[in-house]
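Here is a short tour of one protein model. Look over the sequence and the fold, then read on.

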Amino acid sequence: QVMLAESGGGLVQPGESLRLSCAASGSFFSINYMGWYRQAPGKQRELVARIRSDRSTNYADSVKDRFTISKNNAGNTVYLQMNSLKPEDTAVYYCNCNLTDWGWKNYNYWGQGTQVTVSS
């Protein structure tokens, strides 16, 4: 059983920063990539940022130059540093993890979501 534990959401004013964390625990062979998605009310879930096993990254255009994704040395915890937050960043942020189990099968896991609200 794999679990994703998210933390770091909250309420901030425009221009402020937040840091989200997501830790993957359980038994598996390797993590292929981890990332963050978000879903605002009435909108589809969208990719915010992703980091792969080789540490390559990709970002949504709307967050480039403001958000930075990183991971720890073990590769099982991912961070999303969010700077210069805007009201349009308000959403529930979901951690996503794609991994390979001991049977060489790939699985996709989701966290429960953490609310980020940017408002004055």
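## The β7-β8 hairpin

In this predicted model, β7 and strand β8 (residues 77-82) run antiparallel and are joined by five bridges. One facing pair is T68 and Q81, the latter in β8. The two strands form a hairpin. Five residues lie between β7 and β8. In that turn, G75 has a positive phi of about 80°.

Which side chains of β7 are buried? F67, I69 and K71 are buried, and they point to one face. T68 and S70 point to the other face and are not buried. In a regular strand, side chains alternate between the two faces of the sheet. The side chains of β7 do alternate along the strand.

## The four-stranded sheet

The hairpin strands belong to an open sheet of four strands. The order is β1-β3-β8-β7, and the pairing is antiparallel. Two strands sit at the edges: β1 (3-7) and β7 (67-71). Each edge strand pairs on one side only. On average, neighbouring strands of this sheet are turned by 15° against each other, direction ignored.

Now go to the β1 side. There, β1 pairs with strand β3 (residues 18-25). The pairing is antiparallel and spans five bridges. M3 has S25 of β3 as its bridge partner.

## Salt bridges and a network

How many salt bridges does a search of the whole structure find? It finds four. One joins the side chains of E46 and R38, at 2.7 Å from N to O. The partners differ in cover: E46 is partly exposed, with a relative accessible area of 34%, whereas R38 is buried at 6%.

Another salt bridge joins R66 and D89, at 2.8 Å from N to O. This pair links distant parts of the chain. R66 is in the loop between β6 (57-59) and β7. D89 is in the loop between β8 and β9. The two residues are 23 residues apart. Both R66 and D89 are buried. Why does D89 count as buried? Its relative accessible area is 0%, and buried means under 20%.

These two pairs do not stand alone. R38, E46, R66 and D89 are linked in a network of salt bridges. Within that group, the side chains of D89 and R38 are also joined by a polar contact of 2.9 Å.

## The D61-K64 pair

D61 forms a salt bridge with K64. The closest N and O atoms are 3.2 Å apart. Is D61 buried or exposed? D61 is exposed, because its relative accessible area is 65% and the cut-off for exposed is over 50%. K64 has 42% relative accessibility, so it counts as partly exposed.

## A nonpolar patch on the surface

Which residues make the nonpolar surface patch? F29, W102 and W104 do, and the patch covers about 440 Å². W102 lies in the loop between β9 (91-100) and β10 (106-110). W102 counts as exposed, because its relative accessibility is 57% and exposed means over 50%.

## T114 and its contacts

T114 is in strand β11 (residues 114-118). T114 is buried, with a relative accessible area of 13%. A polar atom of the T114 side chain lies 3.3 Å from the backbone nitrogen of G9.

How are T114 and D101 placed along the chain and in space? T114 and D101 are 13 residues apart along the chain. Their C-alpha atoms are separated by 26 Å.

## Points to take away

The open sheet runs in the order β1-β3-β8-β7, and β7 forms a hairpin with β8. A network of salt bridges links R38, E46, R66 and D89. F29, W102 and W104 make a nonpolar patch on the surface. T114 is buried, and its side chain has a polar atom 3.3 Å from the backbone nitrogen of G9.

Note on methods. Residues numbered from 1 in each chain as written. Predicted model: local features only at pLDDT ≥ 70, side-chain atom pairs only at ≥ 80, totals over all residues. Heavy atoms only, no water. Pairing = 2+ DSSP bridges. Axes fitted to C-alpha atoms, helices over the stretch in contact; angles between N-to-C directions. Patch = residues over 30% accessible without salt bridge, like charges linked within 9 Å, V, L, I, M, F, W, Y side chains within 5 Å. Areas by Shrake-Rupley, 256 points an atom, 1.4 Å probe, with all protein chains shown as cover. Buried < 20%, exposed > 50% of the residue type's maximum accessible area, 1.4 Å probe, protein only. Polar contact = N/O pair within 3.5 Å; in protein donor to acceptor, adjacent residues only side chain to side chain.
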